[in-house]
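Q: Could you take a close look at one part of this structure for me, the packing of the nonpolar core and the empty space inside? I'd like it in one go.

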Amino acid sequence: MTVATGIEGAHDAAEGFEPDRRAKALVEALPYIRRFRGAVVVVKYGGHAMTDPALAASFARDIVLVRSVGLHPVVVHGGGPQIGEHLRKLGKQSEFRDGLRVTDEETLEVARMVLVGKVGRDIVSAINANGGAALGLSGEDGRLVTAVPRDPALGFVGDVAEVNPRIIERLVTREIIPVVSSIGADAGGQAYNINADTMAAALAGALGAAKVVYLTDVPGLLADPADPSSLVSRATVTDVEAMIVSGAVKGGMIPKAQACMDAVRAGSGSAHMLDGRIPHAVLLELFTDAGIGTMITDSTDSTEDQP
């Protein structure tokens, strides 16, 4: 594992370029654009990047740019804070178990309304306003995601049992950017709320994505959780497993790390955990030599990130 500089360097990379540095950045991006032209990149959109208006606008522009240079972005989103806010307006208290919202019938209907009808539509609108061609859907559409209940105590919280990627594949071949809400349905049509990290991993594997990118509120995986400058820029699935065992990855970071590992094991070329609070984080990770987050691959000799 290699340790990169801290978050300050990433901010320097994102802002304040002088002309020669701007030109260098463009030249540096070209080999990556050539290498991944035509490839699917799944982006799990969440955290502060979704709730900050400036970052949300920047994200939409970046996704349009990724599509414009020949890659095929697929956006997957949740919306936990937005669901919680709507429930509070209805006077309903949320209950969580192991970080998952207990989802009764009323909560499920709110989740579907908020994710599909509000959050997803806002993302689609922002992408389209910046010159893209986005289309919103959920795992219920086209039998995209077949869900199974995770635990009866959680109510209508589901896991991904199967992915039928054909609807996504047809959209991306038509240069459309799918925006997928994290709702699925079982074989009988019963809807389930699915963790967006889990859904992104499953879609990335089923689509054979070159990369799956997770936008979070942390720099990535840290060798020392108390030291923000100890960012691990690259790790294998085995490395991440060891970090979980050692306690370097703990608490709320474990599900995110697990989703990255699941995506790689399912067939994604690499998984990337980025700080979505940094402007243009997706572009910096995809199109620069150093990147800004943690890249997870299946082996140390992987060339998936090479131009």
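A: Contact here means heavy atoms within 4.5 Å. With that in hand, start at Ile-127: leaving out residues up to four places away in sequence, Ile-127 touches Ala-60, Ile-63, Val-64, Gly-132, Ala-134, Ile-177 and Val-179. Bear in mind that this is a predicted model, where local features need pLDDT of at least 70, side-chain atom pairs count only at pLDDT 80 or more, and totals for chains, interfaces and linings use all residues. Residues are numbered from 1 along each chain as its sequence is written, and side-chain values use heavy atoms, with hydrogens and water left out.

Ile-127 is among the residues with the most contacts inside the largest nonpolar core, along with Val-43, Tyr-45, Phe-59, Leu-215 and Phe-287. That core has 47 residues; a nonpolar core is a set of buried Ala, Val, Leu, Ile, Met, Phe, Trp, Tyr and Cys residues joined through side-chain atoms within 4.5 Å, buried being under 20% relative accessible area (1.4 Å probe, protein chains only). Helix H6 (residues 105–129) gives the largest share of this core, nine residues; helices are DSSP runs of H or I, at least four residues, numbered from the N terminus. Another core, of 42 residues, lies apart from it, with Leu-171, Leu-207, Val-240 and Cys-260 among them.

Now the empty space: the lining of the largest cavity includes Phe-59 and Leu-215. A cavity is a set of points on a 1 Å grid over the protein atoms alone where a 1.4 Å probe fits but cannot get out, and lining residues have an atom within 4 Å of a point. H4 (53–68) supplies the largest share of that lining, four residues.

Definitions and conventions. On a 1 Å grid over the protein atoms alone, a cavity is a set of points where a 1.4 Å probe fits but cannot get out, and a pocket is an open set with protein on both sides within 12 Å along at least five of seven lines; lining residues have an atom within 4 Å of a point. Helices (H or I, at least four residues) and strands (E, at least two) are DSSP runs, numbered from the N terminus. Buried means under 20% relative accessible area, exposed over 50%, partly exposed in between (1.4 Å probe, protein chains only).
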